Structure formats: structure tokens, C-alpha cells
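Trainee: Could you go through the ring pairs in this model with me? I'd like to see how each label is earned.

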Amino acid sequence: MEETNREAVATAVQRVAGMLQRSDQLDKVEQYRRREARKKASVEARLKAAIQSQLDGVRTGLSQLHNALGDVKDIQNSLADVSKDWRQSINTIENLKDVKDAVVQHSQLASAVENLKNIFSVPEIVADTQVLIEQAELLEAHRKLMDLECSRDDLMYEQYRMDSKNTHDMNLIRNYFGEVQGLSDDLAKQLWMVLQRAMGTVRRDPTMLVSVVRIIEREEKIDRRMLDRKKQTGFIPPGRPKSWKEKMFEVLEGTVTTRIEGSQSVTREADKMWMVRLLEITRKYVLDDLIVVKNLMVQLQYAGVEMMGHPELLTEYDINLMDPLLPQEVVDELLSKYLQTFTSNITGWLRKALETDKKDWFKETEPEADQDGYYQTTLPAIVFQMFEQNLQVAAQINETFKEQVLKLCLKQMNSFLVRYREEAIAYKEDHLRDRQLPQCYVQYMIAIINNCHTFKESINSLKKKYFKSTEPTQNDAAIEKTLNDVAKDGCQFLLDEVFLDLEHHLNELLTRKWLTGTHAVDTICVTVEDYFNDFAKIKKPFNTEMTSEAHRRVVVEYIKAVMQKRITFKNADERREGADRMIKEAEQFKFLFRKLTAGEETDRLCDAIAAIAEVFKLTDPTLLYLEVSTLVSKYPDIREEHIVALLAMRGDASRDMKQMIMETLNQNKPTYAGITQPIFKDITVPTVTMTSMSSSMAATANKLLK
């Protein structure tokens, strides 16, 4: 510290000496003193601030350490509580042993309840299974056998879990199901018998051999599952593993050996040429048997490492070095004949499938529904099952031939759909002759529409699976158009059905009866909603389009009733009453179609009715031009004859007013080229209205001239 003071004094002396080297600098001593005093004060202030900051940091650190100490104590207390609770829970867990035993017992009882039906009917099932085995109904017999074994194994497993040392109960279950093992042995004998005769069975009844293979595959899966469970639990049911697959190959090997050894008909003593005869017979038998194996048994998926796919057989000869069995021109000729035959066959298959489907259309029961509740028939599934089977065969030849068959299928599909549309139209025409028949006309027409959607999906699936190129084929556009036409026709037929029922009520609209009070619109709304409860089983987008068309058609029919001048208002009260009724009924239509379209905005069509009502409701005829102009601006597709009909129905527009309105509107006629939903375009005005209006105007003109 003293050294530091000396250094500071020495530095200060040097500095003062530097400031007072000249005499004129003495006058500035006081100034120098004040400047140094300010510097000293500044340094002291910074030192104080730094020390204060350090002190604040220390204070904060101490506060945090104090808080941390408190948290540590809290954690220590919590750990002590946890330790105490843990010690107490040990006793609780030990007390739960009875609950655990009860759970195991409950599981056992649940398994018993689940298998209760089979338990009580074991003797009956055993007898039925024995009969099925004797009748060679092997698949059904094996299914019943699996049910019996499953019930037995589940009960024994639950008993094993509860008390593995309780041999009495285990033996009780085993004895109750004692005949099951005998059934398994009897079934196995039947399987080995079929396999011993496999070469003859596959020619006569290949499905029998397929059934045997499927049964053995099922048992192999069960064996693997039981062995996996044994590794985890130590339990394996009696008789497992059955190892039927190993036994199958033993039987097949014995059959081959017997086949070769049994061909020796003579001995050396009887004929010196016995070896030649034996080899020739063996060659013939082996060749015949290999042909059967290649053409029939390979279809049963035997081409594995255990048979012709064995590595030792593959090294006998390199197949790539062999010449083709048939010349290419012969192959091409055979493929060409195949395509001709296939074309003829598939035309007949499709015709027969359509005839079968048509018979279903006249049934008195509703068509089946898919998992989502949409009506459908089996026609698409049958058609595409035909295509799928033939394409699988074609795919085994080569890629080019497969695509040729696919294109041929699509070409035939296009012709078939044209006939499908014709039959749907004929179905509708038959119905119109007597609307009570067929009884389920609406439901089957819905199924026809939904089939179009299924056809589209199935075609896309086939193309994706069997056609490498993403380019469209020449039949795609025609198929798409025909399917859309069939669906649109079906939707139109159903709407025609609705409006045939509504015809009487639509004829009541805008009549004197309607003005005095009628429930026509109520009935229309109820009828439409009732039909659309059935139409809900139509798939999108057809359902959505159909709802929009029904909405447009209801509004158009309503406006047609206005244009037909079924009533002419006599005074302002009638005009107001009629207009109010039109506005109310427009709201009813809005409510209905909002419900049917799940709340979508569909008000513009119904607003046309309200806009027409405003023309009738206007009390001051001098403002008619403004009201009509508003109507025309909202609906530019309205024509001159429509305006004339509205003014005629209103009943109080003067000739001059009508003429002025029409001339002004013609001068300022808006365009409606961009309207997405034209309303008045398809509404025609009866010629009677226009003729009477023209005659009236002509008569008035003649009077003025006179």
C-alpha cells in the first residue's frame, strides 16, 4: 500500500510539474485545481457505483442461497414423506395378493364363459366333426376341430396361470375334451390319404388337395404360436406341436418312392430286358408326373425350396441356355387365338352378368349396402373379378401381352357400359308404365348410380396394377363419359320420380286456391325431404349434384307457375297477401335445402322468388320501373316476356307504364354470360299470356288512332 502511495505521489508531482512549467500557467492554478477536483469526484462516484453493484450482487446471491437452502429442506422433507409412503405401500401390495388371485380367477372364469357354448356342446360338436371327416368335408371339419382345441387350450392355460401344480383340474379339463385328440388323429389320417393319392386327386378334384394344404398351413401357424407362448409362460397344450408339415413331406416322399418301386413289373429271371422295360416305364411315369406337378400342383404354391425350387435342382441345368420349347411364330399365333377367344368369352360373360343384375332390379327386397350404407349391386365386383383373373393369367406370359389384355378389357368395358345405360333407361320406362312396379325402383336406381362410382374406382385400380404407363388409353375418355351419363341419367330419373309426385301440388301454386290458403308448399317440402332420405344413400359427388339440381328445379317450377298467369291480383291487398306468401314460401325452400346441403349457401335461387314478390308487393305503380330494374340487375337472364308476364299478373300497370319499362330495360339490357346459375333461361312464358298482352296493346292503340 505504501509503495502504491509513493507511486501515486510521484505521478502527481510529475503531472503538476508539467502543468506549471511556464510563469503564465500560474494564473490557471485555480482552474487546474477545480478540474482535478471534478475528476476526483467522478472517479470516486464510479468507485462507489461499482462497489454498490458488487454489494447488490452479493446480497442477491445470498438471498438465492438462502432460498435454495429452503428448497433443499423442502425436498428433503418430501423425500422423507415418499420414503414413508413407500414403506407403507409395501404392506399394501402384500395385502393385494388376494386381489391378484381374484383377477386370475376372474380371467379363468371369463375364458370359461367365453367358451361356455362350446363347453356344453362338446359332445355334439365332436359327433358333427366326426361325420364331416367321414364325408371328406375336411375344411369344415378342421374349423370345428380348431374351435374345440381353442376352447380346451384356453381353459387349460387359465388353469395353468392360476395354479400350475393343480394336476386334478388340468386332468379334468383334458378328460372332458378327451375325444378331441382322436378327432385330430382321424383328420390327419384323411390328410395323409389324400396326399398319398395326390397325383390322382389333383387331376380329379384339385380343391381337395388345396384344402389339405390350407389345413396344414393353419396347423403350422398354430404350432408356431403355441411354441412362442411356451417360451414366455412355459405352457403348451397337449398334442402340440403337431408338426403336420414335416409329416406331409414324409408322406409325399413315401408316395414318390412307392410310385417308382411299384413300376417294376418283371424280374431278371422272367425277362432279360427287365431293366429296359423298368427304365421306360419309370421315364414315362416320371414325365407324366412332372407334367402334372408343373401344370396343376404348381398352382398350389409348392414351388418352394422343399420341392422344384430346391437349390440342388437348380444347378442341374442353366435354363437360360435352353432353346425355347415353341418357336416365336407359334407363340404369337397362340396368343392371337387366345385374344380372339378371350374377346368372345368376355362379351358373353359381360352379357350374362348384366342379365343377372337386371333380374335383381325387379326384386321386392332392397339391394345390399356397403360398409358405409350406400346401396350397390354385385355387378362391378363380378365384372372386375373376370378382368382380374384374366389379367393374372396374361401377366404370367409377358408385360406386353398383359397390357394388350388390359386394353381389350377396357374396350369391352366401354361397350358394356353403353348397354348398361340402355338397360337403365329401359328400366325407367318400364317403371313409368306402372309406377307401383318394380317395388324397389328408387333403391335399385340408386344402386345403379353408385355402381358408376365403383366402376371408376375399379378401372383406376386395374390400370394402376397392370399398366406401367401413366398415359391415358384410347378408351378412357369414352368410359368416363358413359359412366357420367349413366349416373346423370339415374339422378334425372329419380328427380323425375319426385316431381311426378309433386305435379298436383305444383299445379296449385299461384292460383286463387293458393291465395286463399293451401298446404301445397308444405307438402312439397315434406315430399322432397322424404325422397332425399333415400337419396342420402347415393355416393358423392352424385348426391351433391342431385341436391343442387332438385333445388334449382323446385325454384324453376315455382317461377313457371308465376309466369303461367294462373292468377291476376285484383287489388293492393291481394298483391300484398300474395307477395307475403311467396316470401314465406321462399324461406321454407331455403330452410329445406340448407338442411339437405348441410348448411351450404344456396340462397340465390330462392331469393329470385322473393325478388319477384317485391315487384308484386310495391304499392306505388310509379316506382315499378325501379323495382323491375333491381330484379333485372340481380337476374340478368330474365327476358322481356318474363317482365310482361309479371306486370300482367300484378294487374295495375298502365299501358304507358309497361311500354316505358320495356323500352328503358331494352336500352340498358345487362349481359348474363358469366352467370353460374341462370334461372330464367329455361323458363318459357305460355304464348296465351304474350298473345293476350299483344292483343290488348293493339286494341288500345286502335282506340287511340280512332
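**Rings and their labels**

Mentor: Sure. The chain has 27 helices and zero strands; helices (H or I, at least four residues) and strands (E, at least two) are DSSP runs, numbered from the N terminus. It's a predicted model, where local features need pLDDT of at least 70 and side-chain atom pairs count only at pLDDT 80 or more, while totals for chains, interfaces and linings use all residues. Residues are numbered from 1 along each chain as its sequence is written, and side-chain values use heavy atoms, with hydrogens and water left out.

Trainee: Why is the pair of Y338 and F342 called stacked?

Mentor: Rings of Phe, Tyr and Trp (its six-membered ring) pair if their centres lie within 6.5 Å; planes under 30 degrees apart are stacked, over 60 edge-to-face, the rest tilted. Y338 and F342 sit 6.3 Å centre to centre with 0° between the planes, and that fits stacked. Both lie in helix α14 (residues 328-361), four residues apart.

Trainee: What makes F342 count as buried?

Mentor: Buried means under 20% relative accessible area, exposed over 50%, partly exposed in between (1.4 Å probe, protein chains only). F342 has 3%, so it's buried. Y338, at 26%, counts as partly exposed.

Trainee: And why is the pair of Y427 and Y441 called tilted?

Mentor: Their centres are 5.3 Å apart and their planes at 40°, so the pair is tilted. Y427 lies in helix α16 (residues 399-433) and Y441 in helix α17 (residues 441-466), so this pair ties together parts 14 residues apart in sequence.
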